[in-house]
Amino acid sequence: MWETVIGLEIHVQLSTESKLFSSASTDFGAEQNTQASVIDLAMPGVLPVLNKNAVDMAIKFGLAVDAKIARKSIFARKNYFYPDLPKGYQISQYELPIVYDGKLEINVDGSSKCVGITRAHLEEDAGKSIHDLYEDESAIDLNRAGTPLIEIVSEPDMRSAEEAVTYLKKIHSIVRSLGISDGNMQEGSFRCDANVSLRKPGDEFGIRAEIKNINSFKFVESAINYEVIRQQELLETGEPVVQETRLYDPKKDETRPMRSKEEANDYRYFPDPDLLPVEISEKKIDEIKLTLPELPDAKKNRYKKDYGLKDDDAEILSLNSDLSDFFEGSMKDTKSEAQMVSNFILSELVGLCNKHNMDISNVAIKPSNVSQLMNYVSEGKISSKQAKDILNDLWAGSSNIDDIIKSKNIEQVSDADILSKEAQKILEKHPKEVQDYKNGKIKLMGFFVGQIMKEMKGKANPKILNQILNKLLGEL
Amino acid sequence: MEFKSVKEILTAIKNKHISVVELTTSYLNKIMQHDDELNCFITMTEEFALNKAKEIDKEIAKKKFRELAGLPIAQKDIFCTKGVKTSCGSKMLDNFISPYDATVIEKLNDAGTIMLGKTNMDEFAMGSSNETSFYGPVKNPWDTEYVPGGSSGGSASAVAARISPCSTGTDTGGSIRQPASLCGICGLKPTYGRVSRFGMIAFASSLDQAGLFTTDALDAAILLKEISGHDEKDSTSSSVEVPDYHAYCLDDVKPNYTIGIPEEFTKDLNEDVKKVFYDSVKTLEKMGCKIKTVNLKYTGLGVSAYQVVAPAECSSNLSRFDGVRFGHRSGHASNLEDLYRESRSEGFGKEVKRRILVGTYALSAGYYDAYYLKAQKVRNLIANDFRNAFNKVDLIIGPTTPDKAFKIGEKMNDPIAMYLSDVYTVSTNLAGLPAMSIPMGFKDNMPLGLQIIGKHFDEKNILKLSYLYQKETEWHKKEPGK
């Protein structure tokens, strides 16, 4: 049996207004090369000036993962040539990163484990090379060049794709909760490299392959799983695993070699003489501590304690700030049980989102809609099945719940007098079945309910109807 | 009208003895007349200069006087100048028009100076003779068979020839002081961080410092104030207060300087230079200075450490010249790697390539500790030497260069001999200290410079000692050909 060993390097784009070393804007989607200053273009003679907000954001992250914050960290140059790297070097941190020695607890299959965070350092992003714009030439867009990133490097502590994805999701949730990144994976604000190796349990670490630039949770899982099988096949046939960088191709669901260790760059790191060391005082750290928002673990505990949610639900909600924001919005004016609201959001609404491949933060349905629906269900005005139907109508474009109920004429009848009359009518119509019921054929209850529902076009409140039928049959 | 100094020019303009347009025109004419032979300028900016001169004349008519109103100046072609070619002495940037002004340029423009042109220099400031320039060597006005020194050779030669009253330079290992010495003028390299590096094309970022050439020390004092100070665009620039250097030089307080002479700066001198140097020491003693011998025992390693640190930083700083966004792009490239290789092979000269190779090697995996890290340690030792010496003395002096200027071509094929002409100047760059070279005499009719080194941010005492020395001597008044 082989044991899988995984370490992740996550690149998180920080949501500062300007770049890490220039005052150019970091907005996504602007016209090409309009957000590149002379500094981002690496004009001769220009110098970088550090964006202090990015430093504060890195400190926030460090505090959120229980890490040490370096009192003094330094920027280094990572030298290599590429057209979208204007200076011919990337300003990064090498020997003294700003954040180090952190940890994160993750829950997989009901048991929890701790993943070590070796370091998180500040660095600038590169621009983009575009190869499909012109026939014979490549184009370069430097809007992204110089955008601040933190690179979060984990220990090789994960043992399955599932653990890796859970860790990745939790980091995603933390940076979103902290407000230091939009975490948008499609736009590349959150991307990850996975180091994967296999070994016999107890052995030394095996030789690893690094899978570069994976930009969705699903791809991370598929890429790791593919890589595990690939390496396993190699090892079992006695072939060596080669230390190399590989790319994941989601279309073919496979990883392919990009460059081997021999071809790897010698980055010739050295401290950047244009920048002073970053010195951070105890006072600064204390100030930032006070600004930290509620983090996923604390939120989960609050949901369990204050709302009485099941552990799983509390975990899922707390890990996704869009979901938890939606949940808390729905709980605001509700008289309903929190668990019922959570069930409805997590199964019905999230189900719709997944089906339509949309994000809960972008859908037309509002927390107040859910709150209203759940109140109607609690009051017995509509059934939960009807709540689901109405949700579908809302998704399809309707906007007023009361109008939907009216137009569908689906308002539930909970009036005991009306229900008693209808029940009486049916019982009188079926004396034989009533006799059988009294003789012990209690299954016939379903038959009576069905007949009444048929008569009332399904609008009878089943709960109250059941009570009434029990009462009437008992009196007979 | 002939002017002897910046100070005289500023006074003449203020008193309306000459208009700025007249003055500018006279300097432009002098350049036309002499520069074919001297080759001090890469680019002339006549139109820019005359327009600015008219503007300043108008201001003066309205009684508005900027600090340096109407002062003509030559700018080393390492400083980015908006709308003007900024070549850094290299084919690589022969087609480069800067879209922005360096902070030094901006400050001097704002102070009312008139840029006459951009001066010749060793390619990317790498050289000690101005022979590595893509635009050909600059000649020494004392004898045109000789080099003016480098890398700021054009700036030094222009001031020595009196075709510009002052000029800017940059000094990474001696590039202001050495040519000042070989051309018989004043050259000031301020403390690292005193003057912003923004817009100054980087050679070795931790050593580069902008400075000035003038004919006398007071002129340097006047100009230094205008270019100094913190710049938010340069994180390594200092916010230490900028004093009024000129007023400090002229005040009545008579300093009793204790001056150190490092044994290491005198023991290998040839007899002629030794004699000139000790004559100037005698003058200083007569002026009331106390002379002490000091030791800077690690300065002997200065050139070696410098030849690791400077190329290492340059190898990275020059990576941006890749033919992709600006500068020379080879016409023979068919793929990306070719584009880099051909553009850089064609765009850079021999000395620049040599230093990029050395620097790349020094930073490579497996060699970093042995070279770069070790050189940084030596750097600390040298800084320590100076710190200890400055516990005992106020200023340190020595000859700026081991010898007078050498002939054009003489050392071009011997890089080590060339590097050794910086032996007395590199240590101050490694330690980040301010230093100045002032004329102290002649050897075979070629000038020699006296180097005065001060504590960090103590330019004012370097300038004051220079000023007081120049009150006692005439060396700085000697002009070539007269």
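1. The radius of gyration used here is taken over C-alpha atoms, and the rule for a globule is 2.2 Å times the number of residues to the power 0.38. Keep in mind as you read that this is a predicted model. With 482 residues, chain B would have a radius of gyration near 23 Å if it were a compact globule, and its value of 21 Å agrees with that. Along the principal axes, the C-alpha atoms of chain B fill a box of roughly 65 × 55 × 45 Å.

2. Next, what chain B is built from. You should be able to pick out 16 helices and 11 strands in chain B. Of its 482 residues, 66% count as buried. Take the contacts in chain B with a separation of 6 or more: 76% of them come from residues 24 or more positions apart.

3. Now the outside of chain B, and its charges. The accessible surface comes to about 17300 Å², and 50% of that belongs to carbon and sulfur atoms. Chain B carries 60 positive and 61 negative charges, and the mean positions of the two sets are 3 Å apart.

4. Have a look at B:E313, which sits in helix α10 (residues 302-317) of chain B. Which side chain of opposite charge is nearest to B:E313? That would be B:R379, 4.5 Å away. A salt bridge needs a side-chain nitrogen of Lys or Arg within 4 Å of a carboxyl oxygen of Asp or Glu. B:E313 is buried and has no salt bridge. Leaving out residues up to four places away in sequence, B:E313 touches residues of chain A, namely A:R77, A:F270 and A:P273. In chain B, its contacts include B:F203, B:L207, B:Y372 and B:R379.

5. A few backbone spots deserve a second look. Most residues other than glycine have a negative phi, and most peptide bonds are trans. The peptide bond from B:G150 to B:S151 is cis, with omega near 10°. B:S151 lies in the loop between β3 (114-119) and α5 (153-160) of chain B.

6. Helix α5(B) comes right up in the same tour. Is it mostly covered or mostly exposed? Mostly covered: eight of its eight residues are buried. Among them are B:G153, B:S155, B:V159 and B:A160. After α5(B) comes B:R162, whose phi is positive, near 60°.

7. Two more residues with positive phi, one in each chain. A:R268 has a phi near 45° although it is not a glycine, and you'll find A:R268 in the loop between β14 (254-260) and β15 (270-271) of chain A. A:R268 counts as buried because its relative accessibility is 12%. B:C88, also not a glycine, has a phi near 60°. B:C88 belongs to the loop between β2 (72-76) and α4 (103-110) of chain B. Its relative accessibility is 0%, so B:C88 counts as buried.

8. On to the charged pairs. Side chains of opposite charge can pair when their charged atoms come close. How many salt bridges does a search of the whole structure find? Over all chains, 59. One of them joins A:D66 and A:K103, at 3.1 Å from N to O. A:D66 is in the loop between α1 (52-64) and β2 (68-69) of chain A, and A:K103 is in strand β6 (residues 99-108), so this pair ties together parts that are 37 residues apart in sequence. A:K103 counts as partly exposed, at 41% relative accessibility.

9. Another pair in chain A is A:K87 with A:E124, a salt bridge of 2.7 Å from N to O. Here A:K87 lies in the loop between β4 (75-79) and β5 (89-93) of chain A while A:E124 lies in strand β7 (residues 111-124), so the pair ties together parts that are 37 residues apart in sequence. A:K87 counts as buried at 13% relative accessibility, and A:E124 is buried with a relative accessible area of 6%.

10. Chain B has a pair to check too: B:R66 forms a salt bridge with B:E55, and their closest N and O atoms are 3.1 Å apart. B:R66 is in the loop between α3 (46-61) and β2 of chain B and B:E55 is in helix α3, 11 residues apart. B:R66 counts as buried, at 18% relative accessibility, whereas B:E55 is partly exposed at 38% relative accessible area.

11. Finally, a group rather than a pair. A network of salt bridges links A:R77, A:D272, A:D274 and B:R197. You have already met A:R77, as one of the residues that B:E313 touches.

Conventions. Residues are numbered from 1 along each chain as its sequence is written. Chains are lettered from A and ligands numbered from 1 in the order in which they are written. This is a predicted model: local features need pLDDT of at least 70, side-chain atom pairs count only at pLDDT 80 or more; totals for chains, interfaces and linings use all residues. Side-chain values use heavy atoms; hydrogens and water are left out. Helices (H or I, at least four residues) and strands (E, at least two) are DSSP runs, numbered from the N terminus. Buried means under 20% relative accessible area, exposed over 50%, partly exposed in between (1.4 Å probe, protein chains only). Contact means heavy atoms within 4.5 Å. Accessible areas come from the Shrake-Rupley method with a 1.4 Å probe; for residues, only the protein chains shown count as cover. Lys and Arg count as positive and Asp and Glu as negative; His and the chain ends are not counted. The place of a charge is taken as NZ of Lys, CZ of Arg, CG of Asp or CD of Glu.
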